[in-house]
Structures are given as structure tokens and as C-alpha cells.
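Here are some exercises to work through with the model open on your screen. Try each task yourself, then check the solution below it.

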Amino acid sequence: QIERVLKQGESYGTAHTDDAGKKTVMVEYTDPNPFKEFHIGHLYSNAVGESVARLHEAIGWKVIRVDYFGDVGMHVAKSIWGLRTKMRKEGMNLADLSKKPLPDRVKYLGASYSVGASIYEEEGPDAQKAKEEMKDINYMVYLAAQEYMQKTLHWAPQVDYRQYVTMEGGLYDEVKTLFETGRSWSMEYFETIFRRLGTHFDDYYPESIVGEYGARIVHEHIGDVFEESDGAIVFRGAHTRVFLNSLGLPTYEAKELGLNWKKSQDYRLDKSYIVTGNEINEYFHVVLAAMSKVVPEAAAKTTHIGHGMVRLPEGKMSSRTGKIISGEWLLEEVKRSVYDLLKQNKSEYTKKEQEDIAEKAAIAAIKYSMLRVSLPANIAFDFSTSVSFDGDSGPYLLYSYARCKSVLRKASGQSAEFQDSALNSEERELARAIYFFPEIVAEAAATLSPNVLCSYLFKLAQAFNLFYQKHAILGKPERLALTAATAQTLKNGLHLLGIGSVERM
């Protein structure tokens, strides 16, 4: 097996069968909403989804990565109302805001959402007036999104939103401009984070489109699956859920219905996974029950993967209260912690090496801390343990890989062959660990459990470090072969967790 590792290289642990590529799985994950910040919960979803996608690629499936985002709905109406209010109060306009760096513009959108969401929770004449204005803006957002899709995607409207919108006074034109501009800024910003995290999506599904499909499906099944109740259209399953609200607009449930119908129309799928926080598990139970009645072929292939929540000391995150931790903030804070550790190291690094190590170690620290627990566990991110270069952490795995590569650089030109010779206990344990890697990959993919791979890689790194401490490696062909095989296995495993490796650390 050791010789096989060295021969197969980056393909070690992946499927080598005639069925490779014949099955297709779609993985939907991350799903940040425009006009709101990319928070640490999105990092959790991204870590789980990307690893599930890579594990399925490793076992020979064709994988389609998709992102579903809420570009319509009351959260957008609250953001736009807050944006208009905040800019008026601060003497700003859209041209002024456009001059700011992209991250600052997105933060301004997030702060605007907090303004709108906060007054929406209040009582009194001012709050009531704001709510009525948001109700009107909400309809305008749906129409603006529809017209944007018509312009950019030659979209054929499924619902007549214009009937709800008053065009006089110029408010609609202002809302439309704010919507298109804010949506564009948000999506551009999200792409910068996706690139940092090593994610590239194959397709995007906006709520503005799938909501219309969902509304159409609901209307087609009123009487046999859905029923009217107090002006709304509901589904009575384990508990009653509203699919079209009293305003005639599709709710999250209807949008989810349209989304999964559209996925099944766009691609021939054998499996479809949806990765979200587990606080909406019950919501998905009802949605899947409704799906099984109106789009049974899509429901049969759809599985919801609920992950836990990333919690703050003061409690659950809330973008309404402004106490969220943005994903970018966490990445930068962890990166600073890595830089501090590098300064304590006597090794000399170029600025480029420092940046590469700090960036990859920060992402490793965050992703590994989220993936090492079995789903759907909640996690409280701990800087000291997550960034540690010694212990069950992402940086520890990177350091172990870099240690292997350091040994191999020193042994440049020396033979690295594994012959049939007697092994001592440390060599045997290390070789045995390497041997089981393909089985671990298959198990992690089959059970949707990246934590299985995390546990394995930690034990592999421990086995190598014990072997490294107890035995001289240079000049020993078998031990150099074991070191090279360990490095390759660690690198392959880290890749399946969505973590890039560093050659020197």
C-alpha cells in the first residue's frame, strides 16, 4: 500500500472504478443573503458543504455546487428602508457610498438592515409608519427583482407583482436602483470570500426566481395539497406552515418548493443535499412533506444536512441586534493570531511565505474546528485551541505535513523505497494508518461525516510525529518512503476538508 500511495500521489484515496462520474450529486451550501453580512454561520455551512462535495468527488461522483440566496423578501425591504433612512440621516447618497471600498459598502448594507429590523420590532406611531413603508417597499423589491431578471436572464415572469405597486412619486425607481446596486455589491463581496475558502459554485439560485416557481406550484395544488386560511395559503402537515402569505407573496416554504423543483428540471440528479443550520430542521420536515406530494421525484432525492450553530459568549448571533460576528472578521482575527505565533518561531520566512502560511493556517483553524465535531453539534469557537500548532487542530495537521516535507527536502537525492522488511512498532502503526485512508474517505462520504476524516488525520499526524521523534529517518529508504506516503496522505486528506497545505512552516 505504501508503494501505491507514492505511485498514485494526489489520487490516492479516491475511487478507481468504472462507475466514476456516472452518478451526480448536487450540494447546496453557504447561502448568504444579499444586503446582510456574511457571518460565521455561513463559514460553518461552507466548511460542511465543501467537504461533503469533495468527499463525493473522491468516491467518483460528479458534483454540482450551488448557492441559494435571498435577494427578495422582508429582509431586503428592511435593508432598503434602513439604507434610505441611514443615508438621509448622515447626508449620504449612493454616489458617496460607491466610493467606499467594497467591504465597507457591504458593512453599510448590514448596518442598514439593523436599522430597519430594529424599528420593525418596535411599537408606536413611528414604528407603524415604518412597517407600512416596508410593506410597500417589499412589493417593489419583488417587482424590481423580476425586472432585473428579465433584463439579465431574459426571465419570463410567473407572477404579476406590478399589480401591487404604485408607480407614482418616483419611490419605485429609487427602490429599484438601491436593490440592483446593493445586490451587485453583496454578490461581488461574497465571491471574494468564496475564493478565500476555496469554493467555486457551478450555479446560483436566487429567491426572486424560485419563489415565482413555488407560487405557481402552490396555486396549481390549492384544494388537493394546499388550502386557504385567513387570506393565506397553507399546508397542514406535522404542523401548519404558510406557503403564500396574506399579501400574496411566496414564503420561504414556497421558495424552497420552487427551488427544488427547478434543481430537478435543470439537472439529472441522483442525490441533492442541502446544508443549513439545524434550527430549521422542523421547517424542512414540513417542506419535504409538501414536496413529496407535488414534486415527489425531487423530494425522493433531497436530503437536508443540518449543522449546529456557532455561538457567541452572549448567546446566539443576531444580525438584527448588530452583534453578529462576520466571517471576514473571524478570518482576519485568526490570521493575526497565526502571525503572532510565526513571530515566535525562529525560522526565517519571506513576506510571501508568511502571508501564505497565515492565510492557510487561519482557514485550516476555522474549518477544522467546525468539521471535527459530529453533525449537528453546536460549537463555540476557541482561538487558543483552534490556532494551536500542537493538538487536535487544523494548524497541527499543516505543521505535521510541513515537517514531512522538511525531512524529504533534507533527504533530497536519497532513496525512498519501501521494501518487505521487519517493521518496528512505530513504523507499523504509521503504515497501518496510511493503509486505511481509502476506507476512511469512503466512510466519511457515505455517512456525510467529515469528522470521521478529521479524527483519522489527527491520529495519522500523531503516529508520524511519534515515529519522527523516536527514529532517525535520513538515509533509511523505508522510513523516507513512510514519510513521503504520510505527507501525501495528509495533503490528500486536508484537501478533502477544503484545507490547502503549506510546504514549509
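Which residues does Lys-86 touch, not counting residues up to four places away in sequence? Before you start, note that this is a predicted model, where local features need pLDDT of at least 70, side-chain atom pairs count only at pLDDT 80 or more, and totals for chains, interfaces and linings use all residues. Residues are numbered from 1 along each chain as its sequence is written, and side-chain values use heavy atoms, with hydrogens and water left out.

**Exercise 1. Place Lys-86 and its partners.**

Step 1: find Lys-86 in helix 3, which covers residues 74-90. Helices here are DSSP runs of H or I with at least four residues, strands are runs of E with at least two, and both are numbered from the N terminus.

Step 2: list the contacts, meaning heavy atoms within 4.5 Å. Setting aside residues up to four places away in sequence, Lys-86 touches Tyr-108, Ala-111 and Ser-112.

Step 3: check the cover. Buried means under 20% relative accessible area, exposed means over 50%, and partly exposed is in between, using a 1.4 Å probe and protein chains only. Lys-86 has 18% relative accessibility, so it counts as buried.

Step 4: move to one of its partners, Ala-111, which sits in helix 5 (residues 102-120). Ala-111 comes out at 30% relative accessibility and so counts as partly exposed. For a sense of scale, the C-alpha atoms of Ala-111 and Leu-397 are separated by 38 Å, with their positions 286 residues apart along the chain.

**Exercise 2. Describe the whole chain.**

Step 1: count the elements, and you should get 19 helices and 8 strands.

Step 2: judge the compactness. The radius of gyration, taken over C-alpha atoms, goes up against a globule rule of 2.2 Å times the number of residues to the power 0.38. The chain gives 26 Å, close to the 23 Å that the rule predicts for 505 residues, so it is as compact as a globular protein of that length. Along the principal axes, the C-alpha atoms fill a box of roughly 85 × 55 × 40 Å.

Step 3: look at packing. Of the 505 residues, 54% count as buried. Among contacts with a separation of 6 or more, 79% come from residues 24 or more positions apart.

**Exercise 3. Are the cysteines paired or unpaired in Cys-404 and Cys-454?**

Step 1: apply the cut-off, where a disulfide is a pair of cysteine sulfur atoms within 2.5 Å. The structure holds 0 disulfides.

Step 2: find the reason. The closest cysteine sulfur to that of Cys-404 is in Cys-454, 18 Å away, which is too far for a bond. Starting from Cys-454 leads back to Cys-404, again at 18 Å and too far for a bond.

Step 3: check the cover. Cys-404 counts as buried at 0% relative accessibility, and Cys-454 is buried with a relative accessible area of 0%.

**Exercise 4. Inspect the backbone angles.**

Step 1: recall the background. Most residues other than glycine have a negative phi, and most peptide bonds are trans.

Step 2: go to the loop between strand 1 (24-28) and helix 2 (40-58), where you will find Thr-30. Its phi is positive, near 80°, and Thr-30 counts as buried at 3% relative accessibility.

Step 3: stay in the loop between strand 1 and helix 2 for Phe-35. Phe-35 isn't a glycine, yet its phi is positive at about 75°. Phe-35 is buried too, with a relative accessible area of 1%.

Step 4: look for the cis bond. Leu-375 and Pro-376 are joined by a cis peptide bond with omega of about 5°. Pro-376 lies in the loop between helix 13 (351-371) and helix 14 (383-387).

**Exercise 5. Trace the contacts of Thr-276 and Arg-54.**

Step 1: pick out Thr-276 in strand 7 (residues 271-277). Thr-276 is buried, with a relative accessible area of 12%.

Step 2: beyond its neighbours within four places in sequence, Thr-276 is in contact with Phe-284, His-304, Ile-305, Gly-306 and His-307. The C-alpha atoms of Thr-276 and Ile-305 are 6.5 Å apart, although 29 residues separate them along the chain.

Step 3: turn to Arg-54 in helix 2, which counts as buried at 11% relative accessibility. Not counting residues up to four places away in sequence, its contacts include Arg-65, Gly-198 and His-495.
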